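Work through the exercises below with the model open. Each task is followed by a worked solution.

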Amino acid sequence: MPKGVVMSGVNRRTFLAGAGAGAAALAVGRGTRAAGPNDRIRVAVVGIRGRGGSHIDGFSNHKDTEVAALCDVDARLFGERVKKVESKTGKAPRIVGDLRRVMDDKEIDVVSIATPDHWHALAAVWACQAGKDVYVEKPVSHDLREGRKIVEAARKYGRVVQAGTQSRSAEGVIEAIEFLRSGKLGPLYLARALCYKRRDSIGHKADAAAPDGVDYNLWLGPAPERPFNPNRFHYEWHWFWDYGTADLGNQGVHQMDIARWGLGKAELPTRVQSSGGRFGYKDDGETPNTQAVAFRYDDCLLEFEVRGLPTNDEKGVKVGNLFYGPEGCLAINGSRWATYLGHKDEPGPKGGGHGAEQSHFDNFVKAVQARKPETLHAEILEGHLSSALCHLGNVAYRVGRAVEFDPKAESCPHDSEADALLGRSYRPPFVMPQSV
């Protein structure tokens, strides 16, 4: 683990203590081959469009891993992606249409998940149950309760599970967190996370037949039965509650994760409120393009803001973070950071460097080889907590009022409407098991 990386929710000792019986399964999981120390780790990438391309690159670029299988419900994507793997490794991966066949394959060691959000948690739990290690894209879940299920499965089956919040592996962001930990800004009283990312209208489209080569039933998976619509399919699914988590959980989860990391919060807040809307145009989308969220902790406030329409920056930041203490402010923009000190915002220490895409995959591979999930930069508990903040913000937005939350029980005991939105119903047979 690079200098300065702090697992805010779990350290090595508490991680191993909490893993319980699952620790005994760390060497070889149920359903996997008994790989030797010199064997290459065989990876199946599930969901190969969009972020799936980065997963293919990340594992193809590592000398100790082999992209052995590509899995997607859209057969039209395989040609280009197979060539991508061949160009990097000289070997063609197998192609699979149904992710359940990936879970059955005893030759696969790692399942790398880059599906739409509504599939993340169920695929991750199934992979853990099949004895696979998991790299799962952000947000790790579609709702709060299923995120906790991944944590439970990882512990029970002793799996190494990394969340795809790669800023945890960015040296510049790590430097910024170290500066915050130094106390030079004083005790932090406010963290702001910004997602000022332009999102244009998706317009209106009619329901239609699914394209040839697309297994739409499998694409829907656990989501409710609905007719195929191009606006609810590739990428635009982000803006529908059945599949996505709005920009709060899409781009915003990265900044939410950094905000929580910087504040050093290993727990969820007690009160959340949110407002916003889909302003500036009328289209098929359901999720807000403008949203403000406030999370109340006992000693500080975490604020998040989504602006999908033209806007100014704040201290040069449009997609990033701001931290405030009595002595000044620290701004994180990508992997670079700068400080502004005193009442006059005098420039102070700054730093930063390259992004962290490859190093995040490398960290995961190293943890898999060593069988040490506690060395992950974004272990699944961290991924769950940061994703859960996004889900709580969306719940408060959807019910239209402040939500009181019990962080220990991870429930809203006095608000049945909000509590119901912390989970969802699953469409058989794509059902999250009650006991993983």
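Two strands count as paired if DSSP finds at least two bridges between them. The model is predicted.

**Exercise 1. Find the bridge partner of Val 45 in strand 2.**

Solution. Start with the two strands. Strand 1 covers residues 41-46 and strand 2 covers residues 65-71. They run parallel, joined by six bridges. Now pick out Val 45. Its bridge partner in strand 2 is Leu 70.

**Exercise 2. Give the strand order of the six-stranded open sheet, and explain why strand 3 and strand 6 each have one side without a neighbour in the sheet.**

Solution. Read across the sheet: the order is 3-2-1-4-5-6, with parallel pairing. Next, look at the edges. Strand 3 (94-96) and strand 6 (161-163) stand there, and each has a single partner strand, so one side of each lacks a neighbour in the sheet. Finally, check the twist. From one strand to the next, it averages 20°.

**Exercise 3. Which strands does helix 2 touch?**

Solution. Locate helix 2 at residues 51-60, packed on the sheet. List its contacts: strand 1, strand 2, strand 4 (110-113) and strand 5 (133-136). Then compare directions. Those of helix 2 and strand 2 make an angle of about 155°.

**Exercise 4. Describe the largest pocket and its lining.**

Solution. Begin with volume: about 830 Å³. Go to the lining, which has 44 residues. Closest to the pocket centre are Gly 50, Arg 51, Ala 114, Glu 137 and Lys 138. Sort the lining by type: 18 residues are nonpolar, 18 polar and eight charged. Last, map the elements. Helix 5 (117-129), helix 8 (216-220), helix 10 (252-263) and strand 11 (319-325) each give two or more residues to the lining.

Key
Residues numbered from 1 in each chain as written. Predicted model: local features only at pLDDT ≥ 70, side-chain atom pairs only at ≥ 80, totals over all residues. Heavy atoms only, no water. 1 Å grid on protein atoms, 1.4 Å probe; cavity = no way out; pocket = protein on both sides within 12 Å on 5 of 7 lines; lining within 4 Å. Points joined across faces, edges and corners; volume = space filled by probe spheres on them. Helix = DSSP H or I, 4+ residues; strand = E, 2+ residues; numbered from the N terminus. Nonpolar A, V, L, I, M, F, W, Y, C, P; charged D, E, K, R; others polar. Axes fitted to C-alpha atoms, helices over the stretch in contact; angles between N-to-C directions. Contact = heavy atoms within 4.5 Å.
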